[in-house]
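Reader: Please pick one part of this model and walk me through it slowly. I'd like to know what surrounds it, and then how a second site compares in its setting.

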Amino acid sequence: MDPFMQAAIDEAQKGLAEGGIPIGSVIVHDGKIIGRGHNRRVQEGSAIKHGEMDAFENAGRQPARVYREATLYTTLSPCAMCSGAILLYGIRKIIVGEHETFMGEEALLRSRGVQVDVVHNPTCIALMKQFIADKPELWNEDIGE
Ligand SMILES: [Zn+2]
């Protein structure tokens, strides 16, 4: 198992334990995690804190070069908002845990030159399937439905 995907899954599980939506993300530069986060919409009543956004926030302000050289890991295919942040900051490579339960803006990212690797991780799929079955209303709210 890729230790960085494992770190993103750890974040997702932390979010679940807090009563939140189990999606986690880490941003890696030079072999080190520079930002990590998980979905905090429920915990903080936030409209924008998806896992990827939380990881960006926790990485803080970074020089353009760092974003360009960074890889973003996320347990779930990134939505339009998070894909926008990935494009804005010029992240060139993302590793996606799964896109079976939700297909994000992978086509848009690829069309803009981002390398998108989907690893079909069974833990990521199980986390989301269980969550969607348990709390469908929370999930629909998260994806704007
Ligand atoms: Zn998102």
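Author: Let's start with Asn121, which touches Met1, Met5, Ile9, Gly97 and Glu98, leaving aside residues up to four places away in sequence (contact: heavy atoms within 4.5 Å). The model is predicted, so local features need pLDDT of at least 70 and side-chain atom pairs 80 or more, while totals for chains, interfaces and linings use all residues. Residues are numbered from 1 along each chain as its sequence is written, and side-chain values use heavy atoms, without hydrogens or water.

Asn121 sits in the loop between strand E5 (115–118) and helix H7 (122–134) (DSSP runs, at least two residues for a strand and four for a helix, numbered from the N terminus). With 8% relative accessibility, Asn121 counts as buried (under 20%; exposed is over 50%, partly exposed in between, with a 1.4 Å probe on protein chains only). The Asn121 side chain also reaches the backbone nitrogen of Thr123, at 2.8 Å (a polar contact pairs N or O atoms within 3.5 Å, one able to donate a hydrogen and the other to accept it).

Now for the second site, the zinc ion. Its coordination comes from ND1 of His50 and from the SG atoms of Cys79 and Cys82, at 2.0 to 2.3 Å (donors are N, O and S atoms within 2.8 Å, or 3.2 Å for Na, K and Ca; water is absent, so sites may look incomplete). His50 lies in the loop between helix H2 (41–44) and helix H3 (51–59), while Cys82 belongs to helix H5 (residues 80–88), so this pair links distant parts of the chain, 32 residues apart. Along the sequence, the spacing of the zinc donor residues reads H-x28-C-x2-C. Both His50 and Cys82 are buried.
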